[in-house]
Amino acid sequence: MLMTRSISALCPSMPALEEFRQIGEVIGSLEALMVFQDDIQINQKQCCLLVDMLKCAFKTIADTMKQNLRFEEKNTKWKILENPLRELLRVFKEAEQYVKQSLETKDFWAKAIVLYKNTDCVEFHIHNLLSCVPIVIEAIEIAGEISGSDHDEIQKKRFIYSMKYQKECKDPIIFQWKFGKQYMVPQKFCERVGLVWNEDKWMLQNKIQGKKNSGSCTLTKHEKRLADLLLKNLNEMETESDHKLLPSSVLVNSKDYQIRRRLGSGSQYKEIQWLGETFCLKHLYGDVKSLIPDISQELHLSHPNIMHISCGFTDEEKRECFLIMELMSKDLSSYIKEIIGPRKRVPFSLPVAIDLLLQIARGMEYLHSKKIYHGELSPANILVKARSVSTEGHLHAKVCGFGSSCSINLPQKPNVNQNNGALPFIWFAPEVLAEQEQAGNGGNIKYTEKSDVYSFGMICFEVLTGKVPFEDSHLQGDKMSRNIRAGERPLFPFHSPKYVTSLTKKCWHTDPYQRPSFSSICRVLRYVKRFLVMNPEHSQQDSPLPPVDYGEIEAAILRSFPFLGNSEPDPLPVTQIPFQMFAYRVTEKEKSSTIHRDINSESGSDGASACGDDPVTADDPIPSPTEKKIASLEILTKRLSIRKPADTNVSKQPGSISWLKSYILQQFRLIFLFLKATLPSSEILKKVDCLTEPLGHQKQHILLILLLFAPY
């Protein structure tokens, strides 16, 4: 009776329908807002595209749910939908907030300065939408597999779903043709995503030119200079020529320009009020003349995960430079230090940590596509602020501290406090430390893509553990530097999730050529994020391993599609994300099937598969799920009980036993889902007891415990 209550407690009613209803409410809100779309002064076309894609996503998911699910099962078999729909709801709410901000009636010139090269619509909101929709569709398909009570119908649906993930479909052209509409990347959306930003830029140019041509009496002298600034920058973005820095008098002589406070311990950054908006001002002074061409080039950069320069000013003598940027809350190092305490040893939940790392990796992917290598990537050079609609602690992250504007000699003394007391060399790759030692203090260090990847690995360690790398080490200074070059790395806690730590260890590999690119890191992190959304119970630090190593999937993807590993002038468009996630899913199924076959071939020739997921053909009789699952489980448990581990090759392979445990749990999960749908709770334990009897009393007890805490 007690165990029955435990099962009931582990299976609370989950409001997937409520999440779906709230998504519908957001769609209604957006439709009401877009009645006034002509009042969106800047980025109007981007807002229209975003709303159209959100509406299409809602309709696609609604149709998929209607086709695959039964309403009367909403409190039993829709449970796997709750977390994916909650994630999708957050994406919709953030997009709604973007449209609301675009409709705000603020000073035109302030909005133009802030938004004239903003790419958040495509690179943030549409990116998040296209990353989330495949997860929701997969969850609906899984729920659809067990929908209904007819055994034959369930098996036929499983066969149809399995046909979708065939190897032949792992082709971008076939995917676009067959699944493009379902995954939000039909040709019309792909074309609009590629054109919409330029359309808004053209509309803004015409609007500013119209204000200038309307007569001198309507614009103040200050507004005329702002109009010239914006038109210059917009024209130079089109021709990709160097941006010209305007005279600093345009900024400092403005009536509403006000310095509010200094940011940080140095005098380089200040919070200012200008045009009715709050900005971050980066004030460079000294020999800035030589840096102005490089700063002008950096004005071309724009990505939601980097700190880009909105506009720049300099004085006539080229002794000062003022760079206007978005104001963020604080750097990641300070943020982690503030939230860590006796009751909170780990700074972020695993889903929030993965989302944060994905943003940092995307920012670095963009910089590397522009041949900009950071060289000093660390938590102190990651700026964060809270996401307005998130209740789970999600942050918006931006990479800063890159480019020539950061290499100027400022009249302030560098200190270790920039990294909360951490010595700066702990973030440097071994090859960089070796080059520093050879070059001495006066030499120029050549940073590479792979040295940034190493630094990213160290950031992963701090984000996941809350600890500064090597903070527990007894070695300091030159001795620690030598140890890092010799291969010493921080130690993860024992309970850290292996599918995340394995990626981190690849990033800080001693051999630079063994480290992944940031494009590969982004793909792996997106799939890890998908795994956590689909399996929220795995979000704990000591969660089990996924059945397949994601690094192996990425390697297989790169072998199939070499262009994904090539250095591109720009990252692949976000419209490629659904195909990449689909290809990952197909490859994961292929590798899982290979592992199953290997296990079966080593288990003897009993003439039956232990996995119970063999391909079904139209000519084969379709057994009932109960017969198939129970038969396969009895065969597997019998083999496990009669063989000694030392007599098999499986036991000698690293991780094989862990995989077997996970596999047995997977089989129990499938059986449990079916039993739960067809039997009362009091009968379920009797069936489980019967199934585990061949394993013996001790193994039976262990499996029962594992079953109770297995995901379902």
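In this predicted model, the cysteine residues form zero disulfides. Cys48 takes part in no disulfide, and the cysteine sulfur nearest to that of Cys48 belongs to Cys47, 7.0 Å away. Because its relative accessible area is 14%, under the 20% limit for burial, Cys48 is classed as buried. Cys280 is likewise in no disulfide, with the sulfur of Cys400 as the nearest cysteine sulfur at 8.9 Å. With a relative accessible area of 6%, Cys280 is also buried. For both residues, the sulfur distances of 7.0 Å and 8.9 Å may be set against the disulfide cut-off of 2.5 Å.

Nonpolar packing was examined next. In soluble globular proteins, nonpolar side chains tend to be buried together. The largest nonpolar core of the model comprises 134 residues, and the members that touch the most other members are Ile126, Leu332 and Phe456. Among the contributing elements, helix α6, spanning residues 120-145, supplies the most to this core, namely 13 residues. When neighbours within four places in sequence are set aside, the contacts of Ile126 are with Leu49, Leu50, Met53, Cys121, Val193 and Val574. A second core, separate from the largest one, contains 31 residues, including Trp109, Leu204, Ala227 and Ile324.

Aromatic pairing was then considered. A pair of aromatic rings is described by the distance of the centres and the angle of the planes. The structure contains 23 aromatic pairs. In one of these, Phe179 and Phe582 adopt a tilted arrangement, with 5.3 Å from centre to centre and 40° between the planes. Phe179 belongs to helix α8 (residues 172-179) and Phe582 to helix α21 (residues 577-602), so this pair ties together parts that are 403 residues apart in sequence. Phe179 is buried at 8% relative accessibility, and Phe582 is buried at 2%. A second pair is formed by Phe492 and Trp508; the ring centres are 5.8 Å apart and the planes meet at 25°, so the arrangement is stacked. Phe492 is located in the loop between α17 (477-486) and α18, whereas Trp508 is located in the loop between α18 and α19, so the pair ties together parts 16 residues apart in sequence. Both partners are classed as buried, Phe492 at 15% relative accessibility and Trp508 at 5%.

Ring pairs also extend into a cluster that links Tyr165, Phe175, Phe179, Tyr183, Phe561, Phe563, Phe579 and Phe582. The tilted pair of Phe179 and Phe582 thus belongs to this cluster. Phe179 is further accompanied by Lys164, which lies over the face of the ring at 5.4 Å from the ring centre. In another placement of this kind, Lys498 is positioned over the face of Phe494, at 5.5 Å from the ring centre.

Charged side chains were analysed by a search of the whole structure, which finds 31 salt bridges. Within helix α4 (residues 82-103), Glu82 and Arg86 are four residues apart, about one turn of the helix. Their side chains meet in a salt bridge with an N to O distance of 2.6 Å. Glu82 counts as buried, at 13% relative accessibility, whereas Arg86 is partly exposed, with a relative accessible area of 30%. Helix α4 also holds Arg90 and Glu94, again four residues apart, about one turn of the helix. The side chains of Arg90 and Glu94 form a salt bridge at 3.6 Å, N to O, and both residues are buried.

A further salt bridge joins Arg515 to Glu431, with the closest N and O atoms 2.8 Å apart. Because Arg515 sits in the loop between α18 (498-507) and α19 (518-534) and Glu431 in helix α15 (residues 430-439), this pair ties together parts that are 84 residues apart in sequence. Arg515 is buried, at 2% relative accessibility, while Glu431 is partly exposed, at 26%. In addition, salt bridges with shared partners join Glu87, Arg90, Glu94, Asp355, Arg387 and Lys529 into one network. Arg90 and Glu94, the buried pair of helix α4, are therefore among the members of this network.

Definitions and conventions:
Residues numbered from 1 in each chain as written. Predicted model: local features only at pLDDT ≥ 70, side-chain atom pairs only at ≥ 80, totals over all residues. Heavy atoms only, no water. Salt bridge = Lys/Arg side-chain N within 4 Å of Asp/Glu carboxyl O. Helix = DSSP H or I, 4+ residues; strand = E, 2+ residues; numbered from the N terminus. Buried < 20%, exposed > 50% of the residue type's maximum accessible area, 1.4 Å probe, protein only. Phe/Tyr/Trp six-rings, centres within 6.5 Å; stacked < 30°, edge-to-face > 60°. Lys NZ or Arg CZ within 6 Å of the ring centre and 35° of its normal. Core = buried A, V, L, I, M, F, W, Y, C linked by side-chain atoms within 4.5 Å. Contact = heavy atoms within 4.5 Å.
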